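Work through the exercises below with the sequence and the 3D structure at hand. Each task is followed by a solution in steps.

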Amino acid sequence: MANQKGGVGKTTTTVNMATALAQGGLHVLVIDLDPQGNASTALGIEHGEGVPGTFEVLIDGDNIEQHVQRSPESPRLWVLPATIDLAGAEIGLVGLQGRETRLLRALQRLTKRHRVDYVFLDCPPSLGLLTLNALVAAKEILIPIQCEYYALEGSRSCCGRSTWSRES
């Protein structure tokens, strides 16, 4: 879920779709890439300061399975939590080789060893390196928007120029 505009439903969509698929019997992983950690909160996951999660996977190269937590919402729903530490990941990623593919490589390692039917990447409201990692790792992108002009502008910025206008 990506859109540089905040408050358009990225986290709500992620949490509801992931929970529904897991309750339907599929193995689902949610990766919380937003330092606010709202997806982690919504799925009942501990993500206070110092809890290992997405930061350690991106910056330290840890394996995802070292830090995932099972959600109380479903036995098939797992979450890689985000903490406030993730706010410093943008700076930490700048100097790393392959900085835009770190999440992709971590997901490739995970899916070789474990069954995962769906992975949801809940992005922050920005177009920084956290979102770039998600876009590189994603096979499909959902861009939630509200029916308002500024939300539409956020999706234009996320996806490049288009023919949309105020009159559309």
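The model is predicted.

**Exercise 1. The order of elements**

Task: State how many helices and strands the protein chain has, and in what order they follow from the N terminus.

Solution.
- Step 1. The protein chain contains seven helices and four strands.
- Step 2. Read from the N terminus, the order of elements is α-β-α-α-β-β-α-α-β-α-α.
- Step 3. The protein chain has 168 residues, and 40% of them count as buried.
- Step 4. Among contacts with a separation of 6 or more, 74% are between residues 24 or more positions apart.

**Exercise 2. The sheet**

Task: Give the strand order of the sheet and work out the sense of each pairing.

Solution.
- Step 1. The sheet is open, and its four strands are arranged as β2-β3-β1-β4 with mixed pairing.
- Step 2. β2 (69-70) and β4 are the edge strands, each paired on one side only.
- Step 3. Begin at β2: this strand and β3 (residues 77-80) are antiparallel and share two bridges. Gln69 faces Val79 of β3.
- Step 4. Go on to β3 and β1, which are parallel, with four bridges. Here Ile31 has Leu80 in β3 as its bridge partner.
- Step 5. End with β1 and β4, a parallel pair joined by five bridges. Asp32 is opposite Asp122 in β4.
- Step 6. In general, parallel and antiparallel strands of a sheet alike pair through backbone hydrogen bonds.

**Exercise 3. Burial of β1 and α6**

Task: Decide which residues of β1 lie on each face and whether these are buried or exposed, then list the buried residues of α6.

Solution.
- Step 1. β1 spans residues 28-32, and five of its five residues are buried.
- Step 2. One side of β1 carries Val28, Val30 and Asp32, the other Leu29 and Ile31; both faces are covered.
- Step 3. In helix α6, the buried residues are Leu129, Leu130, Thr131, Asn133, Ala134 and Ala137.
- Step 4. The cover over these buried residues of α6 includes α3, α4 (89-94), α5 and β4.

**Exercise 4. Two threonines**

Task: Locate Thr54 and Thr101, and find what each touches beyond its neighbours within four places in sequence.

Solution.
- Step 1. Thr54 belongs to helix α3, residues 54-60.
- Step 2. The relative accessible area of Thr54 is 1%; this is under 20%, so Thr54 is buried.
- Step 3. With those neighbours set aside, Thr54 contacts Ile31, Asp32, Leu33, Leu80, Pro81, Ala82 and Leu86. Of these partners, Ile31 and Asp32 are buried residues of β1.
- Step 4. Thr101 sits in the loop that lies between α4 and α5.
- Step 5. With its own neighbours within four places set aside, Thr101 contacts Asn133 and Val136. Asn133 is one of the buried residues of α6.
- Step 6. The C-alpha atoms of Thr101 and Ala137 are 7.1 Å apart, although 36 residues separate them along the chain.

**Exercise 5. The aromatic pair**

Task: Classify the one aromatic pair of the structure, and compare the burial of Tyr118 with that of Phe120.

Solution.
- Step 1. The structure has one aromatic pair.
- Step 2. The ring centres of Tyr118 and Phe120 are 6.3 Å apart and the planes meet at 25°; the angle is under 30 degrees, so the pair is stacked.
- Step 3. Tyr118 has 40% relative accessibility and therefore counts as partly exposed.
- Step 4. Phe120 has a relative accessible area of 8% and is buried.

**Exercise 6. The pockets**

Task: Describe the lining of the largest pocket and that of the second largest pocket.

Solution.
- Step 1. The volume of the largest pocket is about 710 Å³.
- Step 2. Its lining has 22 residues; those nearest the centre are Tyr118, Val119, Ala138, Lys139 and Glu140.
- Step 3. At least two lining residues come from each of α5 (102-113), β4 (118-122) and α6 (129-137).
- Step 4. By class, the lining of the largest pocket has 17 nonpolar, two polar and three charged residues.
- Step 5. The second largest pocket holds about 200 Å³ of space.
- Step 6. Residues lining the second largest pocket include Val28, Leu29, Trp78, Leu110 and Arg115. Val28 and Leu29 lie on opposite faces of β1.
- Step 7. The lining of the second largest pocket comprises seven nonpolar, two polar and two charged residues.

Note on methods: Residues numbered from 1 in each chain as written. Predicted model: local features only at pLDDT ≥ 70, side-chain atom pairs only at ≥ 80, totals over all residues. Heavy atoms only, no water. 1 Å grid on protein atoms, 1.4 Å probe; cavity = no way out; pocket = protein on both sides within 12 Å on 5 of 7 lines; lining within 4 Å. Points joined across faces, edges and corners; volume = space filled by probe spheres on them. Nonpolar A, V, L, I, M, F, W, Y, C, P; charged D, E, K, R; others polar. Phe/Tyr/Trp six-rings, centres within 6.5 Å; stacked < 30°, edge-to-face > 60°. Buried < 20%, exposed > 50% of the residue type's maximum accessible area, 1.4 Å probe, protein only. Contact = heavy atoms within 4.5 Å. Pairing = 2+ DSSP bridges.
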